[in-house]
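Trainee: I have a new model open on my screen and would like to talk it through. Could you walk me through it, one question at a time?

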Amino acid sequence: MTDAILRAGARTFLSVRKHRNYRLFFTGQVISNTGTWMQRVAQAWLVLSLTHSPFAVGILALCQFMPFTLFSLVAGVVVDRLDAWRTVIATQFIQMLLASVIAAVALAGVARPWHVYVIAALMGLVQVLDAPSRQSLTFRMVGPAELPNAISLNSGLFNGARIFGPALAGVLIAGAGAGVCFAVNAGSYIAVLVALLMMRPQEFHAFERRERSRTLFAGLKEGISFARRDEQIWLMLSLVFVMSTFCLNFNVLLPVLAKQTLHAGPQTFGLLSTVFGVGALIGALVSAHVSRATLGTTAVGSAGFALCELLIAPVRTTSVIAVLLFVAGVCFTTWSSNSNSLIQLASPDHLRGRLVGLYFFAFAGTGTAGGILSGWLTAAGGTELAFGVAGLAGLSISLVVWLRSRTLHLVEDEPLAEQLAA
């Protein structure tokens, strides 16, 4: 039994064991992602406390995701032209400075909603370049064979931080205010910056470079044309687009669900965010262990996520909602990490940044419209209406993708990394 557990753990954390650079990255992100989630929770709660309006939380989502809507497509072209390692160092440093500014404003007791909006928008602008750069850096650190494993572990880091970040944020907000959460996040960036500076660039995986496109528009057109010709990429982009627009708006819905639907405080908000994170972490570890990504599994994961939201809609019991959010977390990591892996493994080296940029446009760029839509639906019919619409939309696109995947001549019975290696 012990040997089996050790073997399972070794396979789950394969990328961490094999690659020193990724091991450093993984360690730094464990700390930094916790701080990031603390700031996200604190921002939403601070805005809701200052305005008492769920629509205002939707405006916060608009500020966070508008940069992705406007610039993520072009950002992918830029990422293909820059060194991913140096870019990530720069973007992480700028985010540390922005977190320090909002911490100072909040701790001084002079925070206004527009302060939070501006910092959220600037953070989003930096993350437009940071997100695809980190994905490209992950590929450079581990190579194609371990890429699905590393992407699942990255997802595990991000969602595992939901366990500690929101819970710790709920305690700190109740005891000391949101400003402390912002300060902790600012300090957490030190860990990832140290890890990045300790890396050995000579150990990065080699990749193919080609002559740059003459203009950003020409480079973007090249990436979109490739995505449209590749059935696998196009299906995944379609799924992520719909799921992110209609279903992935917890930053708007969970604070309102806790405060207005359940008539509870920040501790309940932190609890609901945490149980979703626990499920997402478990789903990520399972995906990392399996190290395979298929269209069918991705569609099943998105359908399960949407079904949980549909079931949450009429519920008014915290314990039942917590169970459904846990299951939704498991399903979330399944469809999000699988879709990311499928897109990257189908991408040629010289287009990876652009295709990852398309992924992040579908994943985060639609958050602008999705956040406003969720805020409006919540204001019009409460969280019941918002979760109901989300569930129906997610189930519909999942069915379409699953049916379409059955008609394609795509190999789904082997891990993609093994296909690529062969």
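**Salt bridges, surface and overall build**

Mentor: Happily! Let's start with one side chain: at 24% relative accessibility, Arg134 counts as partly exposed. Keep in mind that this is a predicted model.

Trainee: Which residue forms a salt bridge with Arg134, and is that partner buried or exposed?

Mentor: The closest N and O atoms of the pair are 2.6 Å apart, and the partner is Asp130. The two residues are four positions apart in helix H6, which means about one helical turn separates them. With a relative accessibility of 2%, under the 20% cut-off, Asp130 counts as buried.

Trainee: Which parts of the chain does the salt bridge between Glu384 and Arg316 tie together?

Mentor: These two side chains meet at 3.6 Å, N to O. Glu384 belongs to helix H16 (residues 367–407), so the pair links parts that are 68 residues apart in sequence. Glu384 is partly exposed at 39%, and Arg316 is partly exposed at 43%. The parts tied together are helix H16 and, on the Arg316 side, the loop between helix H13 (295–312) and helix H14 (318–345).

Trainee: Which residues are joined into one network by salt bridges that share partners?

Mentor: Here the linking comes from shared partners. The residues in this network are Asp80, Glu222 and Arg354.

Trainee: What about Arg86: which residue is its salt-bridge partner?

Mentor: Arg86 has 56% relative accessibility, so it counts as exposed. Its partner is partly exposed, with a relative accessible area of 25%. The closest N and O atoms lie 3.7 Å apart, and the partner is Asp83.

Trainee: How many salt bridges does a search of the whole structure find?

Mentor: We have talked about several pairs, among them Asp130 with Arg134 and Arg86 with Asp83. The search of the whole structure gives a total of nine.

Trainee: Turning to the surface, which helix gives the most residues to the nonpolar patch?

Mentor: The patch is formed by Leu70, Phe71, Trp114, Val118, Leu122 and Leu125, with about 580 Å² of accessible area together. Helix H4 (54–81) and helix H6 (113–142) are the elements that give two or more residues to it. With four residues, the top contributor is H6.

Trainee: Where does Phe71 sit, and what is its relative accessible area?

Mentor: Phe71 has its place in helix H4. Patch residues need over 30% relative accessible area. Phe71 is partly exposed, and its value is 40%.

Trainee: Stepping back, what is the radius of gyration of the protein chain?

Mentor: The chain has 17 helices and zero strands. Its C-alpha trace spans about 55 × 55 × 45 Å along the principal axes. For 422 residues, a compact globule would have a radius of gyration near 22 Å, and the chain agrees with that at 20 Å.

Trainee: And what share of the contacts with a separation of 6 or more comes from residues 24 or more positions apart?

Mentor: As background, 58% of the 422 residues count as buried. The accessible surface comes to about 16,800 Å², with 67% of it belonging to carbon and sulfur atoms. For the contacts you asked about, the share is 88%.

Methods
Residues numbered from 1 in each chain as written. Predicted model: local features only at pLDDT ≥ 70, side-chain atom pairs only at ≥ 80, totals over all residues. Heavy atoms only, no water. Patch = residues over 30% accessible without salt bridge, like charges linked within 9 Å, V, L, I, M, F, W, Y side chains within 5 Å. Areas by Shrake-Rupley, 256 points an atom, 1.4 Å probe, with all protein chains shown as cover. Salt bridge = Lys/Arg side-chain N within 4 Å of Asp/Glu carboxyl O. Buried < 20%, exposed > 50% of the residue type's maximum accessible area, 1.4 Å probe, protein only. Rg over C-alpha atoms; globule rule 2.2 N^0.38 Å. Contact = heavy atoms within 4.5 Å.
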